[in-house]
Amino acid sequence: MKSFSYIGFITLLAISLSVGCGTTQEIKGTITSKVSSITSDVDQNLFAQVPEDKQEGVKKAELDLKISEENVKLAELKKELASTQGKYAGYEQDQAEKYRQEAAIALDIAKTEAIDESGLGKKDDNIKGIADLKSKKLRMEADRVNVEAKLATTKLRISNLTEQIKAQEEKIKDMESPKEKTEEKPAATTADEKEQQK
């Protein structure tokens, strides 16, 4: 009895697996065919035989594709601009921090010099302490100058990207706006011509 139920269970399991695999294959086939139909290339030899008057929809689709490609370029420029602006803000923060550190060191220098001028503390320690602080301040100034250079180049990049974005937006706008067809207006009829028409 147990062996019969075990065999029945194995048979049932095998059937369910085969049905499941078949269903998976069917779904996979449907997905693959949909994707390939979207991404498949058109036979250019056949398309070359399509009459010009039947290509109006194709020309619009080509223009839409070109516009979408230009929009991708625009999005990339905007993303780069946002990233560059983020870097600029970071450099501004670094610069502010460098100024704060310089100011703190300048305060320590002023205090140490005041101690020395007042004849307090050990003269040798005061001179060495002032020299160390001034050396540290010079290193801070050098770091700040480096940050300021990064700020200047990043600001220039932001300006260039802003101009590129403006030009790209104009390009897309020109592509999207329908081209105006210049139609010749009929010339106004003169009084003499009206008399002749009567």
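Helices, at least four residues long, are DSSP runs numbered from the N terminus. The model worked on here is predicted.

**Exercise 1. Lay out the fold.**
Find how many helices and strands the protein has, and in what order its elements run.

*Solution.*
Step 1. Count the elements. The protein has five helices and zero strands.
Step 2. Read them from the N terminus. The order is α-α-α-α-α.
Step 3. Turn to the contacts. Take those with a separation of 6 or more; residues 24 or more positions apart account for 80% of them.
Step 4. Look at burial. Of the 198 residues, 15% count as buried.
Step 5. Look at the surface. The protein exposes about 16300 Å². Carbon and sulfur atoms supply 58% of that area.

**Exercise 2. Check the length of helix 3.**
Compare the expected span of helix 3 with the distance between its end C-alpha atoms.

*Solution.*
Step 1. Take the residue count. Helix 3 has 62 residues, running over 56–117.
Step 2. Apply the rise. The expected span is 1.5 Å times one less than the number of residues, which gives 92 Å for helix 3.
Step 3. Compare. The end C-alpha atoms of helix 3 are 90 Å apart, which agrees.
Step 4. Look past the end. Gly 119 follows helix 3, and its phi is positive, near 75°.

**Exercise 3. Map the largest nonpolar core.**
State which elements build the largest nonpolar core, and which gives the largest share.

*Solution.*
Step 1. List members. The core holds 11 residues in all, including Ile 67, Leu 74, Tyr 88, Leu 151, Ile 172 and Met 175.
Step 2. Assign elements. Helix 3 and helix 4 each give two or more residues to this core.
Step 3. Find the largest share. Helix 4 supplies it, with six residues.
Step 4. Recall the general tendency. In soluble globular proteins, nonpolar side chains tend to be buried together.
Step 5. Zoom in on one member. Leaving aside residues up to four places away in sequence, Ile 172 touches Ile 67, Glu 70, Asn 71 and Leu 74.

**Exercise 4. Classify Thr 154 and Gln 55.**
Are Thr 154 and Gln 55 buried or exposed?

*Solution.*
Step 1. Set the cut-off. Buried means under 20% relative accessible area.
Step 2. Place Thr 154. This residue is found in helix 4, residues 123–176.
Step 3. Apply the cut-off. Thr 154 has a relative accessible area of 9%, so it is buried.
Step 4. Name its contacts. Beyond residues up to four places away in sequence, Thr 154 touches Thr 84, Lys 87, Tyr 88 and Tyr 91.
Step 5. Place Gln 55. The residue sits in the loop between helix 2 and helix 3.
Step 6. Apply the cut-off again. At a relative accessible area of 13%, Gln 55 is buried too.
Step 7. Name its contacts. With residues up to four places away in sequence not counted, Gln 55 touches Phe 47 and Val 50.

**Exercise 5. Work through the salt bridges.**
Find how many salt bridges there are, then describe the pairs of Glu 52, Lys 60 and Asp 116.

*Solution.*
Step 1. Start with the principle. Side chains of opposite charge can pair when their charged atoms come close.
Step 2. Take the total. The count comes to 14 salt bridges.
Step 3. Take Glu 52. Its partner is Lys 59, with the closest N and O atoms 2.3 Å apart. Glu 52 is exposed at 53% relative accessibility, and Lys 59 is partly exposed at 42%.
Step 4. Take Lys 60. Its side chain meets that of Asp 64 in a salt bridge at 2.9 Å, N to O. Both residues lie in helix 3, four residues apart, about one turn of the helix. Lys 60 is exposed at 53%, while Asp 64 is partly exposed at 36%.
Step 5. Explain the spacing. An α-helix has 3.6 residues a turn, so residues three or four places apart point the same way.
Step 6. Take Asp 116. This residue bridges to Lys 123, the closest N and O atoms being 3.0 Å apart. Asp 116 is buried at 15% relative accessibility, whereas Lys 123 is partly exposed at 48%.
Step 7. Add a network. Salt bridges link Glu 70, Lys 73 and Lys 171.

**Exercise 6. Examine Asp 43.**
Which backbone nitrogen lies 3.0 Å from a polar atom of the Asp 43 side chain?

*Solution.*
Step 1. Locate the residue. Asp 43 is in the loop between helix 1 (2–39) and helix 2 (44–47).
Step 2. Identify the partner. The backbone nitrogen belongs to Asn 45.
Step 3. Classify Asp 43. At 41% relative accessibility, Asp 43 counts as partly exposed.

Terms used
Residues numbered from 1 in each chain as written. Predicted model: local features only at pLDDT ≥ 70, side-chain atom pairs only at ≥ 80, totals over all residues. Heavy atoms only, no water. Buried < 20%, exposed > 50% of the residue type's maximum accessible area, 1.4 Å probe, protein only. Contact = heavy atoms within 4.5 Å. Areas by Shrake-Rupley, 256 points an atom, 1.4 Å probe, with all protein chains shown as cover. Core = buried A, V, L, I, M, F, W, Y, C linked by side-chain atoms within 4.5 Å. Polar contact = N/O pair within 3.5 Å; in protein donor to acceptor, adjacent residues only side chain to side chain. Salt bridge = Lys/Arg side-chain N within 4 Å of Asp/Glu carboxyl O.
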